[in-house]
Structure formats: C-alpha cells, structure tokens
Amino acid sequence: MNSFSPPPPHPSGETAPAIDRSALPQHLALVMDGNGRWANERNLPRTEGHRAGERALMDVVAGAIDLGIPYVSAYAFSTENWKRSPSEVAFLMNFTGDVMARQLPTFQEWGIRVRWAGRRPRLWGSVIKRLETAEEQTRDNDVITLTMCVNYGGRAEIADAAAAMARDARAGVLKPGSITEDTVQRYLDEPQLPDVDMFLRSSGEQRLSNFMLWQSAYAEMTFLDVLWPDMDRRVLWRAVQDYVDRDRRYGGAVDRSSEGEDQ
Ligand code: IPE
Ligand code: IPE
Ligand code: MG
C-alpha cells in the first residue's frame, strides 16, 4: 500500500473549490511561458526567470492534486528551444536535470508519477538520466501523472510515430490498410496519455508553439495574462472554474428552437 501526503495548503489559506471529478479536466497541458520576460522586467538575466518557474510548477501541480486532476503535462523545453543562445540552452539543460533530482522527494511524498515525453537525440545525456531515474523511481505513484515534456515537439512526435508505423509496416507487423486514429495514438511518445481537455498557456501569448498537437484536437484553450513565475494554484483553480462552465460540443449540436413547446 502506498501512503502519500497531500501537498501542504497554499500559504494564503485558500482551498480548492469543490468540483465534481467528472467535470474536471482529465488532462491539463501547461505551456509554462514568460520566464524570460518576468526576469527582464526585474533587470535580471532570463535564467533567473527559469529558476523562479520551478516554484510555480510545483504549486500548480499541488493545485491539480488538490482538485483531483489525474494528468498534467508540462512543456519544459521544445524542439525549437535549441535556437536560443548556447548559454541559455546549457542553463535549461542543467536546470531541468536539477529540478528532476531536487523534486524527487516531493514527487514521492505527494504520489506523483513522472513521465518524460520528447526526443532522445540531441538531449543532454545527464538530463535523460535524471528524467529516466524519476520515471523509474515514481512508477508506482498513483495520485497524479506529471509528464515532463523535454525536447518535445508535437510535429516531431507525430512524424516519429509515422516513421515507426512505416518501419512496422515494412516488417509486416502492421497492415497499412488497418491504420486508424487509435493506431497513431498507440505510436505516440506517451500512448496512454488521454486527450488534452484543458490547454493552459501563461504569459499572454495565444499560440500552441507545437505543444500536444495530436492530443489537443478538442482541447479548451485558456490563455492567461500572467507570467509563469507569477502563477500559483489559485490562478489554476479560477481557470478550471471557467473551464467547467464551457459547453464542449465535439462537433455535435442540439436544436433548441422548439424548447419550451409541448412535446
Ligand atoms: C518559458 O519561458 C520557458 C521556456 C521556454 C523554457 P520563456 O523562456 O519562453 O520566457 P519568455 O517567453 O521569453 O518571456
Ligand atoms: C514554448 O514557449 C515552449 C515552452 C514553454 C517550453 P516558447 O517561448 O519557446 O514559444 P514561442 O517562441 O513564444 O512560440
Ligand atoms: Mg516564451
């Protein structure tokens, strides 16, 4: 039997709104954006913004646990982020590895199962090692699944799935004529991840930046004018309350023209 502790309450004393589990997003995707601007606004180097973002991530994950959200995916480094200065890239590589090691005791305490999604080539070996150690050591945790997306790109993930399907088709283990959407899903990096219900991006930018393209086909988009280091679980809770009020139709429609008439 695993015994996990709930995260400590938010310092403000505010507690999570009671939302029926069936109404909650099952999968929350986070684009943790705005670290550099947060730092530069304070006359600090961009890297200080990344440092400040670690607390925000852990508090938002705490808030997701408080609510009962089962899957959170966090965009930590994109396949496009290699375009940044060599010093920022090196910082982000070291920092990501350090966060995984530093937060491992908390992952264990709160029952967080860590997964890594992203491409292996080019990613620093030291980062891969710490991501894989976290995956291995937290594999039996079952409070929440936190997928760290590092060297992740939505198009890369779909292209890699297509390449793997082509290899299997040539090897005779996959029939091209039988490929469906479910087949593609099975070839993704993390096939067991459910569709993204709520796609949340901080910093005011309103774009996907190549995150979870396949999984977000019907995601509800939430763009917040808050820089990532200023995020906390209370902001998440308010955003989830807005999400709950949305009408998700998935292409369907209900004709309400005769409402109120006798049937
Ligand atoms: C997001 O913050 C973190 C990463 C991309 C790693 P940014 O570094 O993009 O910060 P801004 O958007 O430039 O402010
Ligand atoms: C997306 O943010 C990537 C991560 C948060 C890791 P970026 O800051 O890299 O995206 P753009 O450049 O604004 O599209
Ligand atoms: Mg950015």
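This report walks through the pockets, the cavity, two helices and a few single residues of a predicted model.

**Open and enclosed space**

Let's start with the empty space. Rolling a probe the size of a water molecule over the atoms shows where empty space is left. Here are the three spaces side by side.

| Space | Volume | Lining by class |
|---|---|---|
| Largest pocket | about 690 Å³ | 11 nonpolar, nine polar and 10 charged residues |
| Second largest pocket | about 170 Å³ | five nonpolar, one polar and seven charged residues |
| Largest cavity | about 30 Å³ | two nonpolar, three polar and four charged residues |

The largest pocket takes up about 690 Å³, and 30 residues line it. If you want to find its centre, look for M32, Y75, A76, N81 and R84, which are the closest lining residues to that point. Helix 1 (35-41), helix 2 (46-67), strand 2 and helix 3 each put at least two residues into this lining. Helix 2 is the top contributor, with five residues.

The second largest pocket has 13 lining residues. Nearest its centre you'll find G118, R119, R120, D160 and D189. Here helix 5 gives the most, with four residues.

Now for the enclosed space. How many cavities of 30 Å³ or more are there? The count comes to one. The residues around this cavity are G118, R119, N151, Y152, G153, A156, E157, D160 and D189. Two elements give two or more residues to that lining: strand 4 (144-152) and helix 5 (154-170). Helix 5 again gives the most, this time with three residues. It's worth putting two lists next to each other: G118, R119, D160 and D189 are among the residues lining the cavity, and they also appear among those nearest the centre of the second largest pocket.

**Two helices**

Helix 2, the main contributor to the largest pocket, is worth a look of its own. It has 22 residues, and at 1.5 Å a residue they should span 32 Å; the end C-alpha atoms are 32 Å apart, so expectation and model agree. The helix is mostly covered, with 17 of its 22 residues buried. Just past its end sits G68, with a positive phi of about 105°.

Helix 4 (residues 125-137) passes the same kind of check: its 13 residues should span 18 Å, and its end C-alpha atoms are indeed 18 Å apart. Which residues of helix 4 are buried? They are V127, I128, L131, A134 and E135. Viewed down the helix axis, these buried residues fall within an arc of 130°, so they line one face of helix 4. Their cover includes helix 3 (86-110), strand 3 (112-117) and strand 4.

**Two residues of strand 2**

Strand 2 (residues 71-78), which also helps line the largest pocket, holds two buried residues to look at. V72 lies in this strand and has a relative accessibility of 1%, so it counts as buried. Setting aside neighbours within four places in sequence, V72 contacts L28, L30, A64, I144, T145, L146 and T147. R42 is another matter: it is 30 residues from V72 along the chain, and the two C-alpha atoms are separated by 29 Å.

S78 belongs to strand 2 too. Is S78 buried or exposed? With a relative accessible area of 6%, below the 20% cut-off, S78 is buried. Not counting residues up to four places away in sequence, S78 touches N151 and Y152, two residues that also line the largest cavity.

**Positive phi away from glycine**

Most residues other than glycine have a negative phi, and most peptide bonds are trans. Two residues in this model go the other way on phi.

S209 is not a glycine, yet its phi is positive, at about 50°. S209 sits in the loop between strand 5 (198-201) and strand 6 (220-223). With a relative accessible area of 30%, S209 is partly exposed.

Y250, also a residue other than glycine, has a positive phi near 50°. You'll find Y250 in the segment after helix 7 (233-244). Y250 is partly exposed as well, with a relative accessible area of 47%.

Technical notes. Residues are numbered from 1 along each chain as its sequence is written. Chains are lettered from A and ligands numbered from 1 in the order in which they are written. This is a predicted model: local features need pLDDT of at least 70, side-chain atom pairs count only at pLDDT 80 or more; totals for chains, interfaces and linings use all residues. Side-chain values use heavy atoms; hydrogens and water are left out. On a 1 Å grid over the protein atoms alone, a cavity is a set of points where a 1.4 Å probe fits but cannot get out, and a pocket is an open set with protein on both sides within 12 Å along at least five of seven lines; lining residues have an atom within 4 Å of a point. Grid points are joined across faces, edges and corners, and a volume is the space filled by probe spheres set on the points. Ala, Val, Leu, Ile, Met, Phe, Trp, Tyr, Cys and Pro count as nonpolar, Asp, Glu, Lys and Arg as charged, and the others, Gly among them, as polar. The expected span of a helix is 1.5 Å times one less than its number of residues. Buried means under 20% relative accessible area, exposed over 50%, partly exposed in between (1.4 Å probe, protein chains only). The arc is that of the directions from the helix axis to the C-beta atoms. Contact means heavy atoms within 4.5 Å.
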